[in-house]
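Subject: Structure handover

Hello,

Here is the structure for your files. My notes on it follow below.

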Amino acid sequence: RTLTAPVEIMRCLKSIKEYAFCASTYPLVITLEDHLTADLQAKVAGMITETFGDLLYVPSSDTLNEFPSPEALMRRIIISTKPPQEYREFLKAQGDQKISGNADKLAEEGNLRRIDSNADDSDGKDEPDDEDDEESEEEDPKFQPDTACEYRKLITIHAGKPKGRMRDALKVDPDKVRRLSLSETQLGKATASHGADIIRFTQRNILRIYPKGTRINSSNYDPMKAWTHGAQMVAFNMQ
């Protein structure tokens, strides 16, 4: 529902391949904001693989416990997005079988919704936030990781928003690295109360900061607070 016209994904992919490393040989990260059904995910996975070929970095496992260095990924293209929601198909396939209480709770709380990462600006309070929960399928013991599609296998940087309390969202998992997105408002409040937690988080994980949604005049925030706390991705308005 924006004022921008649609564009074919193949046109984007071909342009990216043509110009990706003209200015720099350092890795290029493609962040996908998608709302794709399972069949379309398979088609996009095929398009990405066919277009980029050996330029595409494909992780050896579903989750990484450490990100490769930029030096190790010279002239490589990396995919970053929220993992697809195979969990929805998993629930449907269960039919009349009894679903665990945890799965029922997840479904009731609406954790399967896909929300535009920049559409709603949270006030950043240190309170539960059920706006986005792309990892819900991994929290249910009956969900089998082997149902992951080809699209999921291409994702190097698993993206997400904070769930629950900010301190919990910033916890470092020794077995899995990820990307966390915070609005500039959330960052301001988080640095005031959890500054050390943010720095610990960014030592292993990726932190992305984006402008609050009320900046409709394309103004920007001061990036220094994000950079000094280790944020590797600081998104700006540029129009």
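Of the 239 residues in the chain, 43% are buried (under 20% relative accessible area; exposed is over 50%, partly exposed in between; 1.4 Å probe, protein chains only). This is a predicted model, in which local features need pLDDT of at least 70 and side-chain atom pairs count only at pLDDT 80 or more, while totals for chains, interfaces and linings use all residues. Residues are numbered from 1 along each chain as its sequence is written, and side-chain values use heavy atoms, with hydrogens and water left out.

The chain has eight helices and six strands (DSSP runs numbered from the N terminus: H or I of at least four residues, E of at least two). Their order from the N terminus is α-β-α-β-α-α-α-β-α-β-α-β-α-β.

Arg-200 lies in helix α7 (residues 184–202) and is partly exposed, at a relative accessible area of 46%. Its C-alpha is 8.9 Å from that of Gly-230, with the two positions 30 residues apart in sequence numbering.

Met-224 belongs to helix α8 (residues 224–228). Met-224 is partly exposed because its relative accessible area is 44%.

The second largest pocket (an open set of points on a 1 Å grid over the protein atoms alone, where a 1.4 Å probe fits, with protein on both sides within 12 Å along at least five of seven lines; lining residues have an atom within 4 Å of a point) is lined by 20 residues, and Phe-67, Pro-68, Pro-70, Ile-157 and Ile-206 are the closest to its centre.

Regards
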